[in-house]
Every structure is written in C-alpha cells, then in structure tokens.
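I sat down with this chain today and jotted what I looked up as I went.

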Amino acid sequence: MEYRCVQCDFPIKTLYIQYSPGNIRLMKCEKCKSVADEYIECEIMIILIDLILHKTKAYRHLLFNVRKLETLKLEELFWKMAVGFLLLDACKSLILESCKGESGSSKGFSSLLSLSTCWKILMDVFFGNLMFLLTFLSVVRIFLSSSFSITRCKDLLFAILISSYFKIFLIAMLVWEFPSPVIFIIDLFVLSSNIVALKVMSESTMSQCVVGACFSAHVVKLSVTQLSQLTVLGHSILQFKTKCLTYFSS
C-alpha cells in the first residue's frame, strides 16, 4: 500500500520530511500541487468532524496514509474492530428488545437479560452479519472476478469496519432514553459512511460495483435481523400520532 494525496488521490512516496522532533515539512503533490495530507498536523477532533461530514479527503487520510504511518499490527486491529462491530450490533438488538418489552408489557430493561433473550440476540447478530458478509463477498466476486483477491477483500472489509464508527452512539442509547427511530437514523448514517469509504478504497472503474455490493449486503442484513426494528419504528410512529390526536382533541 502506498501513500495517497488526500486532494486528488495521486500516489506519492512520502507525506513529510522531518528535520528534528516536532519540526516537519509537509510534502506537496506532484499532480495537484497542493499539500498532500494536511491532516497530519490536525487534531483528532477535526478529522472526526470531517469524517462525519463525509469528506473523501478525510477518508483517504484514514484508510491510506494512517495505515502506513502508524506502527500498528493491522491484523490485530482488524480483529479488534470486528469484535467491536459485533458487540455494537448486540447492543442494538438489546435496545430493540427493550423497546418491544416496554410497548408490550411493563417488563423492565434489566429483565431482558434472560437466557432466551441473550440467545436470540446472539443468533440475530451471527446470522445477520454472516448474511451481510456472504452477500458482499459474493457480489464483489461476481462483478470483479478478474481483480478479486484475499488482500483486496480484506482492504474492503477494513474500510467497512472503520467507517461504521457511528455505531458507537448505540452505547449512549443504553445509558439515556432515545426514541427508537434513532436506531434507523444510525443505520442510515453507517450505510452512507460505508459507501463513501468503499468509493475511496476502490478504483473508479469498480466503485459502482463495490457500492452496489455494500448496499445489497445491508438490505439482506436488514431483512434477516432488523424486521423487529421496523416493527418498533412503526409502533413509535403510531404512538406519536395517537398522542397528537389526543392532544388536539382535548
């Protein structure tokens, strides 16, 4: 993997020259003549804001340049992010079960931690992500049979994992009470972030196929594990309409 200019995606040899500790000079791109990666001198919060705003140059910095600059064990980081991804999906399933319990009975959040509920959450997370993975890899292999490789596949999955950072807000939903449709908004944001990251990671000739594979995989995952989410969303909308009608009728 090589460094990339965050402005035009042109390959470059080095991002900066270090003269002494804390004294560096950022290199310019040979193609666009701009600073190749200005995020090297930026705070992490600025990078995070640009990621939330879906700026492609922030994703290029994260997916190409940071992976080369940091002396991290990428294999270990990949599996840690995969475990975190699955745990956050389990949090989402737990929240949905809590919403169904509150709408159907007076059952509290703590009483959901039963063996049957935990088993259901485990199955939802396992089968949902298994179908997501199989759908994504199958579609990518069908359309990109000539350039399909294990390394390329791992890079695309790494982009999906790292661009699903917005799932972290599901933890806040375990602490504070949010309307259940917020989960649907989080899923939409994760999908849009995945699409931007995959477009950055893939070449222009294959970006549409990869993005289509990602969208198809999300649809399959939704149909397998998140039908309850749509049920809870519909129930919340119905409750909101009932409260509005009661308010205006009185």
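**Contacts, core, surface**

I started with contacts (heavy atoms within 4.5 Å): among those in the protein chain between residues at least 6 apart in sequence, 66% join residues at least 24 apart. Note to self: this is a predicted model, where local features need pLDDT of at least 70, side-chain atom pairs count only at pLDDT 80 or more, and totals for chains, interfaces and linings use all residues. Residues are numbered from 1 along each chain as its sequence is written, and side-chain values use heavy atoms, leaving out hydrogens and water.

Next I read off the secondary structure (DSSP runs numbered from the N terminus: helices are H or I, at least four residues; strands are E, at least two). I got 9 helices and 4 strands, in the order β-β-β-β-α-α-α-α-α-α-α-α-α.

Then I checked burial (buried is under 20% relative accessible area, exposed over 50%, partly exposed in between; 1.4 Å probe, protein chains only). Of the 250 residues, 40% count as buried.

I looked at the largest nonpolar core (buried Ala, Val, Leu, Ile, Met, Phe, Trp, Tyr and Cys joined through side-chain atoms within 4.5 Å). Of its 45 residues, those touching the most other members are Leu51, Tyr59, Leu63, Phe136, Leu156, Leu170 and Leu198. The largest share, 10 residues, comes from α7.

I picked out Tyr59: beyond its neighbours within four places in sequence, its contacts include Leu51, His54, Tyr165 and Val200.

Last, I looked at Phe169, which sits in helix α6 and is partly exposed, with a relative accessible area of 42%.
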